[in-house]
Amino acid sequence: AASGRSSPAPDFVQIAFCADPVALTPPQSPLPPELIQAVEQATDPRQASRNWARIGQLHQRRKRFAEARAAYYTAVKLDPTQHGCIANLAQLESHAGNILAAL
């Protein structure tokens with residue numbers, strides 16, 4: 001910097017010192033249209049429940065835990081035999097520190 005002023009830090013340096021790693025996460029794409037359509041066109045509660053379970057799994061993979069939790073709860077409400085959703089809910093609640101809800 002010939003003018004005596006320091007140039008701004010390169011982007012990779014600013015990113016390395018970012019205090020909030022969530023801010024570095026790229027925006028997630030919306031739900032796939034075929035999944036939304038499957039939920040809208042479900043003809044029975046068990047089918048709808050399976051679709052909501054898929055939505056929960058997608059959100060969980062994207063680390064959108066509140067959305068995953070809501071989808072899993074919806075799936076279990078529609079079909080209480082969704083054992084995979086119950087297990088995923090327990091895992092999410094446990095990781096959130098909600099031990100009683102995880103039980």
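Is leucine 35 buried or exposed in this structure? In the predicted model, leucine 35 has a relative accessible area of 4%, and because the limit for burial is set at under 20%, this residue counts as buried. Leucine 35 is placed in helix H2, which covers residues 33-40. When residues up to four places away in sequence are set aside, the partners that leucine 35 touches are Asn51, Arg54, Ile55 and Leu58. Tryptophan 52 lies 17 residues from leucine 35 in sequence, and the C-alpha atoms of the two are 8.9 Å apart in space.

The setting for these contacts is a chain with six helices and zero strands, so that the pattern read along the sequence is α-α-α-α-α-α. Of its 103 residues, 24% count as buried. Among the contacts in the chain with a separation of 6 or more, 38% are accounted for by residues 24 or more positions apart.

The pairing of helices H3 and H4 is described next. The axes of H3 (residues 45-61) and H4 (residues 65-78) come within 8 Å and cross at roughly 165 degrees. The two helices are therefore roughly antiparallel to each other, given that angles over 145 degrees are assigned to that class. H3 passes H4 in a left-handed crossing. On the H3 side, the contact involves Pro45, Ala48, Ser49, Trp52, Ala53, Ile55, Gly56, Gln57, His59 and Gln60, which meet Phe65, Glu67, Ala68, Ala71, Tyr72, Thr74, Ala75 and Leu78 in H4. Sorted by class, the contact of H3 with H4 comprises 11 nonpolar, six polar and one charged residues. Lysine 63 lies in the loop between H3 and H4, where this residue adopts a positive phi of about 65 degrees although it is not a glycine. Lysine 63 is exposed, with a relative accessible area of 62%.

H4 also packs against H5, and here the axes come within 9 Å and cross at roughly 145 degrees. The crossing in which H4 passes H5 is left-handed. From H4, the residues that make the contact are Phe65, Ala68, Arg69, Tyr72, Tyr73, Ala75 and Val76, while H5 contributes Cys85, Ile86, Asn88, Leu89, Leu92 and Glu93. By class, 10 nonpolar, one polar and two charged residues take part in the contact of H4 with H5.

The loop between H4 and H5 holds glutamine 82, which is buried, with a relative accessible area of 14%. Not counting residues up to four places away in sequence, glutamine 82 touches Ser49, Arg50, Ala53, Ala75 and Val76. Serine 49 is 33 residues from glutamine 82 along the chain, yet the C-alpha atoms of the two are separated by 7.7 Å.

A third pairing joins H3 and H5, whose axes come within 11 Å and cross at roughly 30 degrees. H3 and H5 are therefore roughly parallel to each other, since angles under 35 degrees are placed in that class. Their crossing is left-handed. The contact is made by Ala53, Gln57 and Gln60 of H3 together with Cys85, Asn88, Gln91 and Leu92 of H5. By class, the contact of H3 with H5 has three nonpolar and four polar residues, with no charged residues.

The nonpolar interior can be described in terms of its cores. The largest nonpolar core has eight residues, namely Ala53, Ala68, Tyr72, Ala75, Val76, Cys85, Leu89 and Leu92. The elements that give two or more residues to this core are H4 and helix H5 (83-95), and H4 gives the most, with four residues. Leucine 89, a member of this core, is in contact with Arg69, Tyr72, Tyr73 and Val76 when its neighbours within four places in sequence are left aside. Apart from the largest core lies another, of five residues, among them Leu35, Ile55, Leu58 and Ala71. Leucine 35, with which this account began, thus belongs to that second core, and both Ile55 and Leu58 are also found among the residues that leucine 35 touches.

Notes
Residues are numbered from 1 along each chain as its sequence is written. This is a predicted model: local features need pLDDT of at least 70, side-chain atom pairs count only at pLDDT 80 or more; totals for chains, interfaces and linings use all residues. Side-chain values use heavy atoms; hydrogens and water are left out. Axes are lines fitted to C-alpha atoms, for helices over the stretch in contact, and angles run from 0 to 180 degrees between N-to-C directions. Angles under 35 degrees count as roughly parallel, over 145 as roughly antiparallel, 65 to 115 as roughly perpendicular and the rest as oblique. A crossing is left-handed if the near helix is turned anticlockwise from the far one by less than a right angle, and right-handed if clockwise. Contact means heavy atoms within 4.5 Å. Ala, Val, Leu, Ile, Met, Phe, Trp, Tyr, Cys and Pro count as nonpolar, Asp, Glu, Lys and Arg as charged, and the others, Gly among them, as polar. A nonpolar core is a set of buried Ala, Val, Leu, Ile, Met, Phe, Trp, Tyr and Cys residues joined through side-chain atoms within 4.5 Å. Buried means under 20% relative accessible area, exposed over 50%, partly exposed in between (1.4 Å probe, protein chains only).
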